[in-house]
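Got the viewer open and a selection box ready? Here is a short tour, one stop at a time.

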Amino acid sequence: MSMEESTIQVPRWTPTHSPISSPRRTDVPRWTPSASPPSSPKRAMINIGESFEPNEPMQSENFDDSEKWTHALRWAPHASGAMELELSPPISPRVGQVPRWTPSSSPSRSPKGPTRNESFDDVEMGSVASEEDMEKFFPFNGASISSSTRPSPPLDSIPLEAPSLKNLPKIKTSPQSAVKQPKENNNNSPLDNGTGFTSKSNGVFLTWKNLWVTVPFRQSSRRPILQRLTGYAQPGELLAIMGPSGSGKSTLLDALAGRLGSNTRQAGEILINGRKQSLAFGTSAYVTQDDALMTTLTVREAVHYSAQLQLPASMPALAKKERAEMTIFEMGLQDCVDTRIGGWGKKGLSGGQKRRVSICIEILTRPKLLFLDEPTSGLDSAASYHVMDRIVNLARREEITVIASIHQPSSEVFELFHNLCLLSSGKTVYFGPASMANEFFASNGFPCPALRNPSDHFLRTINKDFDLDIEQGFGGATSTDEAINILVKAFTSSETCQQVQERVSHISQQKGGVLEKKGSQASFATQCLVLTKRSFVNMYRDLGYYWLRLAIYIALCLCVGTIFYDIGFSYGSIQARGSMLMFVAAFLTFMAIGGFPSFVEDMKIFGRERLNGHYGVGAFVIGNTFSSIPYLVMISLIPGAIAYYLVNLQKGFEHFLYFALLLFVCMMLVESLMMMVASIVPDFLMGIITGAGIQGVMMLCGGFFRLPNDLPDPFWKYPMHYIAFHKYANQGFYKNEFEGLTFPDSQLGGAATITGEEILHNVWQVEMDYSKWIDLSILFGMVVLYRLIFLGIIKTVEKVKPIIRGLFVVRPEKSRLIIENPNDPQ
């Protein structure tokens, strides 16, 4: 049979660029077959006896003369006895032209993501492949063809099989792209467990045994949130905590991280490296469900500021910038890097993008212990996989212990988990390797149906919010409560539970190193400078912080200036001047509480960053103080000048300068007062009410509505009159205005004029023993005192809160527990 007579109709392959190719190598084309009739085969058959030279190029009428394709053949026995002829394009000598095979979608095959040891990212990083690897990748060679005498079946009966990525060869990676693997450990220590890490590792081993958490319930009873939980987390591994809503996932994370609320009681043993020690600031990172981010900053600004605050002072600025940019790229935020985060009333990032920004900020320093509370919420399945894959690779490379609560992962994300902790109503349904969870459910009568995501099956089985009958094996059905009890009993008596207990005991016996209380690695000066700059930018972009207040101040001062316009020097102007100055000292400064909501948002960010050890309380106070000074100066000068010169108060620039300076100090003092309130009352609505009430009491004792000599001595004059800053503000304004002026005296039989000093002493009952600059100094001292009190409150809460929590750590047997199911096996 001649070569012309055996010409084969071959589909034409055209290179197309994949839209989802890795951003690191955009020059890798994807090969897809061009449209052809259904009869065009991918594989052709060759009958025995036909002459064929395997190494001879074949020309096909479907290809242009300019395209020289060599059709490499592979011997593949078929059920019909014929040979399968598989065709492949020529291998280009250029690395960037490596063909990329895409498997066709099949309803009977669930896509599998990369394993924990190899990911598709490693294949897509554009590394150089050797000729041997290419031969494995395209195992079509003419030498594999041999003769056969079996007849050839019709082409329509040949099964067309899509190429599979299952048996991809290992591509040689460059040193820059290779992921650092854990060091091999040859000793047979029970702590190794195949992970490559021992108790002598630099990582953190976290164990908990018989952990209970209860909250108040009704009157004198307590309700358990977590019941008898035991488990462990190891360096380089990801422990996933799964369960329905309200099962205790976030509570378990808070308990392990030492962040339980004051109304909760904890019992049990939590050890870090086999020791009972608290998580100091900076030793762990926690990404909470609520993304507390500065809404006015862009993604790049937020991550860069955080890098400058956390990374060591010895690291060059360029290296910090590169670390920040690399982290942004790892979380897939390169397309929105210059977009503002946004908040209420301001459109910005989506919820999933904000979550990724929060993760970026916390993994900058590569913490040894990372807690993630639902890191995939708000993300689509593809983004969830890539984010979790990056976290798993980072944990393996940097020996990070990762504990994450996952609400409902996809099948690809589920394959990334090392260990799985499955909770239902605070009880352990399963704890162990994630790969064995499906077998555990199947062995207890709850097999996962075909083509269903295992995580969906687990959650559906143990979710009793919607009590439905669950199919159990081949017979009948059972309720959700019964299914949970069956699984809990089975796990308690299983070999896996015994292994977990032994594992926890082994880790607890190996006393590891004590965690260093290092906190932020940046210098104190760097922290102050970065926080000042960041806060200044936030205040500039947030209209509600100072700009709206400036507009209101201007409007009020225009009203004051027109009402008291050109007040003159008559006897009646004495009372008018006093009223005008009191309004400025009391009500204009009272308006400073308008920025309290914005400051509460800053306090939320400070609370998150402080707990994660980004910076200290002193740096925050200094940064907030210096960043607000330019805006307070502007608010004091512009509205103050309008009111001062419209009313035509005492002439002289030095008098106006003192007027503006005193107004500036009063507004800063009110802001300091509201900082104290915010440290005690974090809710902005309750904080505004509390701050307004405090200032109202100070106004009453300030000496205008009731003269100082007329105040009742107990409490109102001593000490309230001297505590109220309005006393010193009124005295400073009065001395600055009345000293040096004379007014006509309207009283009969008296002097024709009355001096300003006499008015201060007799009319306003001002203390004349010291000058107006002493009053200004006292107010400035109160500003410093209030800021120090704020710092002291934060420090005291940090020190006292763990002590109070320790007092409430009791044995569960000593408290009355309300257990929903008295017959529960636990």
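Begin by selecting Q765, which sits in the loop between α22 (756-763) and α23 (772-807); helices here are DSSP runs of H or I with at least four residues, strands are E runs of at least two, and both are numbered from the N terminus. The phi of Q765 is near 50 degrees, a positive value in a residue other than glycine. Most residues other than glycine have a negative phi, and most peptide bonds are trans. Is Q765 buried or exposed? Its relative accessibility is 17%, so Q765 counts as buried; the cut-offs are under 20% relative accessible area for buried, over 50% for exposed and partly exposed in between, with a 1.4 Å probe and protein chains only.

A word on the model before moving on. It is a predicted one, in which local features need pLDDT of at least 70 and side-chain atom pairs count only at pLDDT 80 or more, while totals for chains, interfaces and linings use all residues. Residues are numbered from 1 along each chain as its sequence is written, and side-chain values use heavy atoms, with hydrogens and water left out.

**Two more backbone stops**

Jump to E399, in the loop between α7 (381-398) and β11. E399 is not a glycine, yet its phi is positive, at about 55 degrees. With a relative accessible area of 23%, E399 is partly exposed.

Next, pick Y718 and P719: the peptide bond from Y718 to P719 is cis, with omega near 15 degrees. P719 belongs to strand β17 (residues 718-719).

**Strand β7**

Now select residues 238-242, strand β7: five of its five residues are buried, so β7 is largely enclosed by the rest of the structure. In a regular strand the side chains alternate between the two faces of the sheet. Which residues cover each side of β7? L238, A240 and M242 are on one side, L239 and I241 on the other, and all are buried.

Add β11 (residues 401-405), which pairs with β7 in the parallel sense over four bridges; strands pair if DSSP finds at least two bridges between them. Look for A240 of β7 opposite A404 in β11. Then bring in β12 (residues 419-424), which runs parallel to β7 and is joined to it by four bridges. Here L239 stands opposite N419.

**Helix α18**

Select residues 653-680 for helix α18. Its 28 residues should span 40 Å at 1.5 Å a residue, and its end C-alpha atoms are 41 Å apart, which agrees; the expected span is 1.5 Å times one less than the number of residues. Of these 28 residues, 23 are buried, so α18 is largely enclosed by the rest of the structure.

Zoom in on V670, which is in α18 and is buried, with a relative accessible area of 0%. Leaving aside neighbours within four places in sequence, which residues does V670 contact? They are T589, A592, I593, Q695 and F725, where contact means heavy atoms within 4.5 Å. Try a distance label: V670 and Q695 are 8.6 Å apart, C-alpha to C-alpha, and 25 residues apart in sequence.

**Zooming out**

To finish, show the whole protein chain, with its 23 helices and 19 strands. Of its 826 residues, 49% count as buried. Among contacts in the chain with a separation of 6 or more, 76% come from residues 24 or more positions apart.
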